[in-house]
Protein chains: 4
Amino acid sequence: MEVGFLGLGIMGNAMATNLLRHGYRVTVWNRTLAKCQELVTLGATVGETPAAVVAKCRYTIAMLSDPAAALSVVFDKDGVLEQIGSGKGYIDMSTVDAATSFKISEAVKQKGGAFVEAPVSGSKKPAEDGQLVILAAGDKTLYDDMVPAFDVLGKKSFFLGEIGNGAKMKLVVNMIMGSMMNSLSEGLSLADKSGLSPQTLLDVLDLGAIANPMFKLKGPAMLQGSYNPAFPLKHQQKDMRLALALGDENAVSMPVSAAANEAFKKARSLGLGDLDFSAVYEVVKGAGGSGQA
Amino acid sequence: MEVGFLGLGIMGNAMATNLLRHGYRVTVWNRTLAKCQELVTLGATVGETPAAVVAKCRYTIAMLSDPAAALSVVFDKDGVLEQIGSGKGYIDMSTVDAATSFKISEAVKQKGGAFVEAPVSGSKKPAEDGQLVILAAGDKTLYDDMVPAFDVLGKKSFFLGEIGNGAKMKLVVNMIMGSMMNSLSEGLSLADKSGLSPQTLLDVLDLGAIANPMFKLKGPAMLQGSYNPAFPLKHQQKDMRLALALGDENAVSMPVSAAANEAFKKARSLGLGDLDFSAVYEVVKGAGGSGQA
Amino acid sequence: MEVGFLGLGIMGNAMATNLLRHGYRVTVWNRTLAKCQELVTLGATVGETPAAVVAKCRYTIAMLSDPAAALSVVFDKDGVLEQIGSGKGYIDMSTVDAATSFKISEAVKQKGGAFVEAPVSGSKKPAEDGQLVILAAGDKTLYDDMVPAFDVLGKKSFFLGEIGNGAKMKLVVNMIMGSMMNSLSEGLSLADKSGLSPQTLLDVLDLGAIANPMFKLKGPAMLQGSYNPAFPLKHQQKDMRLALALGDENAVSMPVSAAANEAFKKARSLGLGDLDFSAVYEVVKGAGGSGQA
Amino acid sequence: MEVGFLGLGIMGNAMATNLLRHGYRVTVWNRTLAKCQELVTLGATVGETPAAVVAKCRYTIAMLSDPAAALSVVFDKDGVLEQIGSGKGYIDMSTVDAATSFKISEAVKQKGGAFVEAPVSGSKKPAEDGQLVILAAGDKTLYDDMVPAFDVLGKKSFFLGEIGNGAKMKLVVNMIMGSMMNSLSEGLSLADKSGLSPQTLLDVLDLGAIANPMFKLKGPAMLQGSYNPAFPLKHQQKDMRLALALGDENAVSMPVSAAANEAFKKARSLGLGDLDFSAVYEVVKGAGGSGQA
């Protein structure tokens with residue numbers, strides 16, 4: 001099977017590599033073409049422009065850094081739109097907002113092409129290991145065609161229906177994650193102030209029914225006050241805001257998430273927005289004892 | 001090693017059986033003595049009264065149904081206090097409040113005995129499999145003596161310091177669990193009202209960083225509206241109330257747990273107190289759409 | 001002093017009447033010109049179009065029903081823009097969003113005119129009695145010129161600085177009002193469920209430090225379940241959402257308002273959005289006792 | 001009419017003075033008898049002990065500083081209990097918890113006497129002006145007998161039913177007050193961070209439907225960071241905790257009050273417990289901008 005691949009950042013590079021290793025013929029393009037060399041040694045062909053890649057390949061996957069890049073690759077000169085058309089499919093796996101995704105979808109469909117949005121859950125390591133979780137939506141026929149490739153890239157793909165549902169699903173998951181991070185922070189603070197060891201609490205949690213990889217990974221770092229940003233707090237808070245707005249549209253009352261969102265806002269107001277989202281722990285614990293917050 | 005064992009309910013029976021299977025000589029007592037027969041066939045000896053068991057054994061473990069039973073076995077006629085004394089240890093593994101634990105501890109120490117409280121996390125199956133988590137506190141020397149037995153009964157034991165800390169640790173864990181259950185309920189409701197499949201949300205969650213046994217176990221049942229009480233909602237709410245009270249004592253502000261507590265109260269007010277604590281989902285989702293709450 | 005007056009709805013009619021009674025020469029315009037007759041009998045002159053009014057008067061006040069009407073009167077054919085210019089002032093007292101106000105402000109200023117937004121707090125009765133509260137912003141010189149007229153129309157006017165601040169001030173006031181309505185609802189429910197008379201609570205409140213006209217007006221109606229919409233709940237919830245969004249922009253954490261907002265959302269989800277905002281009481285009390293919510 | 005009066009602190013002195021001025025014959029007692037002299041010059045008689053006062057008077061009113069004093073005057077040697085009996089009434093107007101009130105009530109009734117609890121709302125100035133609000137409960141016949149005296153002492157008295165209801169009513173009122181103080185604090189912070197003048201917000205509030213004496217009195221002081229304790233924050237938080245506990249007993253979910261309570265706890269954790277309860281404003285505003293909280 002032949003696929004095009006646009007965008008060879010950390011994620012895209014790992015993903016295209018996996019496709020090559022599983023026997024796919026891959027035509028790659030990257031804004032900085034030099035980045036293509038590594039993949040050429042693995043057997044990839046280079047396309048000069050996004051349009052050239054789409055012209056050559058029936059299916060083209062994109063993995064770009066942000067909505068601006070995702071739009072540019074489609075709408076700019078020599079972009080995807082110039083060659084997309086009937087019988088061709090475009091699959092954008094970048095993480096973008098629903099509005100960006102709609103815009104690309106409409107443009108591709110107007111040209112007669114098929115479109116799937118397929119944001120992923122997971123970062124560098126899962127991308128390298130082919131262990132991403134793929135949240136796809138849009139053209140079901142194109143999705144079905146892509147399942148073998150998705151099976152190479154991820155451990156599981158979901159087809160979620162209409163365009164925008166991929167982004168929504170990520171918001172819901174991140175909202176739950178944000179509330180859980182607050183719950184953990186409150187528990188660690190309560191333990192600490194009540195004469196229990198927060199580290200022991202982590203150990204107990206890890207043996208029970210609510211043990212989860214996030215508590216295991218973030219908990220010890222939080223106790224050391226180490227908030228190296230895997231997922232910046234300001235982005236977590238933005239996702240909670242958007243999830244609450246989605247709830248507002250649909251009249252869903254979510255008091256626990258709303259309380260968690262206010263704690264993240266407090267953290268932002270304290271200048272913690274660029275730290276990891278687990279830094280909300282500073283807001284919860286900081287108020288006690290030392291007279292600082 | 002020889003140990004006494006008081007209380008052969010579902011938990012106690014499984015625990016005493018494990019001790020026998022690992023070569024311990026066990027002298028058992030139960031209020032209804034007939035229940036001892038099964039263990040006698042496995043090699044246990046029967047004591048006529050708690051006092052008789054303590055007289056015979058250096059270490060006596062108790063696993064009773066509630067605080068009233070825990071107090072009765074110690075303070076009533078023919079109770080533990082009549083024979084406890086210097087050189088003897090009493091280990092109460094029942095789930096009781098801190099006040100009950102303090103009362104027993106003081107009485108045992110006044111007689112010259114050593115005392116450890118050791119409530120467990122885990123129910124029937126982990127008890128049978130020797131996979132309990134043991135939250136011990138009190139006399140450190142006695143705890144150290146008991147570690148080999150705890151290793152038979154559980155996958156892990158913790159020594160948490162002074163009497164009362166076992167109960168406190170359970171409260172903190174249950175508080176986090178209660179907030180997480182609300183987070184899940186809000187996420188499932190948001191998914192449902194936003195055109196996403198709640199079942200797919202569960203599938204996505206189970207593949208990611210916040211995957212945990214509770215979501216996996218309770219989630220599908222919640223979607224079916226099945227709330228068979230493994231842990232009744234009214235008990236969950238009581239634990240959240242007590243955890244928040246512990247926070248109040250120590251000036252720990254916990255807005256997310258407080259919001260979750262109010263949702264559990266709402267559930268109680270709707271008559272859901274005797275269902276499983278996951279029935280808080282009914283409060284969250286119920287308000288939308290159907291005109292019911 | 002001569003002023004133009006655009007819009008003779010319930011509010012505008014009362015306001016223009018007051019100006020006439022205090023000796024102002026007033027040129028009025030209304031989309032349905034017949035509505036001008038009553039004011040003509042009081043001494044008003046009629047302008048054929050908004051442009052004609054502005055051509056004749058140095059200062060023109062508008063009081064229109066919604067943002068669409070406010071924009072139409074300015075930008076449509078024969079609108080304000082055709083005659084506004086250097087030396088003339090336009091004062092829009094309609095309740096519109098900040099974006100609408102900015103748009104009008106920019107257009108008027110580009111023509112060389114001066115602009116003030118001046119939304120009011122208060123409805124029919126205060127308008128008739130000249131007891132409005134006027135929240136003005138924009139051109140300070142024009143505001144100063146208008147103070148005598150504002151003194152006729154209202155009991156107090158405030159100059160709040162830049163365009164948009166009038167709308168913001170209303171959001172902040174309404175946010176506090178929404179939280180207070182929830183506080184009252186919770187107090188009435190607690191009284192009722194605790195064996196106290198909610199009516200007596202209202203009586204006690206009315207004699208103390210937190211006595212306020214809203215509790216006095218709405219409280220008795222709430223106890224009767226009467227929610228005739230003076231201010232619809234869905235508009236109150238919209239204002240809370242916008243106030244929280246304003247807080248989000250400025251990193252202000254507001255957990256009490258957030259909790260109140262979720263209660264209003266719950267009310268919307270129960271189909272109470274078109275009732276008065278005091279119907280949030282149904283959400284608070286409904287969950288208890290009757291088995292309904 | 002003749003009444004006894006026990007306790008001549010700031011409140012009691014003002015109240016006994018009012019009774020004398022309205023023609024009551026009053027027999028007073030105070031732990032430090034010297035304090036009685038001022039009232040003797042106004043016509044009061046002195047009783048040597050609480051028992052002596054009760055022996056002489058059909059009705060005896062008490063206004064003591066705290067629960068310990070209220071209990072001591074009744075149960076100690078030469079206390080109320082020694083002379084109370086059939087045909088005599090005892091009215092305790094001190095602010096005490098429900099348990100203290102029950103204890104006194106039971107003891108007085110067992111002796112054949114009648115008892116009314118009658119805590120008041122209002123402090124020194126209203127006491128001097130006879131403008132207290134009286135929250136009475138207990139023996140209805142005794143209450144009816146006391147109405148003329150209550151009319152002298154207060155602007156209004158309420159009969160609330162069974163013993164304990166006076167304390168409960170105060171909790172409900174204080175809970176609403178605490179939520180309102182948080183609402184005001186959030187509004188002032190939002191105004192400040194959004195480019196509006198907090199002082200202007202206070203002015204606007206004071207002209208509208210939610211104007212109330214507390215906002216008017218506390219608002220300006222809050223803007224100056226002046227928190228002279230009229231009602232200490234730690235007591236406000238205690239009352240919110242007790243009100244929420246009352247809600248818990250009766251399954252009343254109160255998410256707004258719960259959020260407010262957590263903010264007061266945060267204030268306590270920052271060492272603000274001894275300041276006025278309006279110091280919760282520091283928690284709300286503190287987190288923004290300055291890097292402090």
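This passage describes helix H10 of chain A, two residues with positive phi, the largest nonpolar core and one annotated lysine in a predicted model.

Local features were taken at pLDDT of at least 70 and side-chain atom pairs at pLDDT 80 or more, whereas totals for chains, interfaces and linings use all residues; side-chain values rest on heavy atoms, without hydrogens and water. Residues are numbered from 1 along each chain as its sequence is written, with chains lettered from A and ligands numbered from 1 in the order in which they are written.

Helices (H or I, at least four residues) and strands (E, at least two) are DSSP runs numbered from the N terminus. In helix H10 of chain A, residues 213-223, the buried positions (under 20% relative accessible area, 1.4 Å probe, protein chains only) are Met214(A), Phe215(A), Lys218(A), Gly219(A) and Met222(A). Because these residues cover an arc of only 115° around the axis, they lie on the same side of H10(A); the arc is that of the directions from the helix axis to the C-beta atoms. An α-helix has 3.6 residues a turn, so residues three or four places apart point the same way. Lys216(A) and Leu217(A), on the other side of H10(A), are exposed, that is, over 50% relative accessible area. The buried residues of H10(A) pack against helices H8 (165-193), H9 (198-205) and H13 (280-286) of chain A, and also against helix H8 (165-193) of chain B. At the N-terminal end, Asn212(A) caps H10(A), with a side-chain oxygen 3.1 Å from the backbone nitrogen of Met214(A). Gly225(A), just after H10(A), has a positive phi of about 70°.

Most residues other than glycine have a negative phi. Ala251(C) has a positive phi near 55° and is found in the loop between helices H11 (233-249) and H12 (255-269) of chain C. The relative accessible area of Ala251(C) is 15%, so this residue is buried. Asp78(D), with a positive phi near 60°, lies between helix H4 (67-75) and strand S5 (89-92) of chain D, in the loop. Asp78(D) is partly exposed, at 29%, a class that lies between buried and exposed.

The largest nonpolar core (buried Ala, Val, Leu, Ile, Met, Phe, Trp, Tyr and Cys residues joined through side-chain atoms within 4.5 Å) has 196 residues. Leu201(A), Leu201(B), Leu201(C) and Leu201(D) have the most contacts inside this core. Leaving aside neighbours within four places in sequence, Leu201(B) is in contact (heavy atoms within 4.5 Å) with residues including Met169(A), Val172(A), Ile176(A) and Leu188(B).

An unreviewed UniProt entry lists Lys170(A) under "active site"; such annotations may be inferred rather than shown by experiment. Lys170(A) lies in helix H8 of chain A. Beyond four places in sequence, Lys170(A) is in contact with Thr95(A), Pro119(A), Val120(A) and Leu135(A).

Key: Polar contact = N/O pair within 3.5 Å; in protein donor to acceptor, adjacent residues only side chain to side chain.
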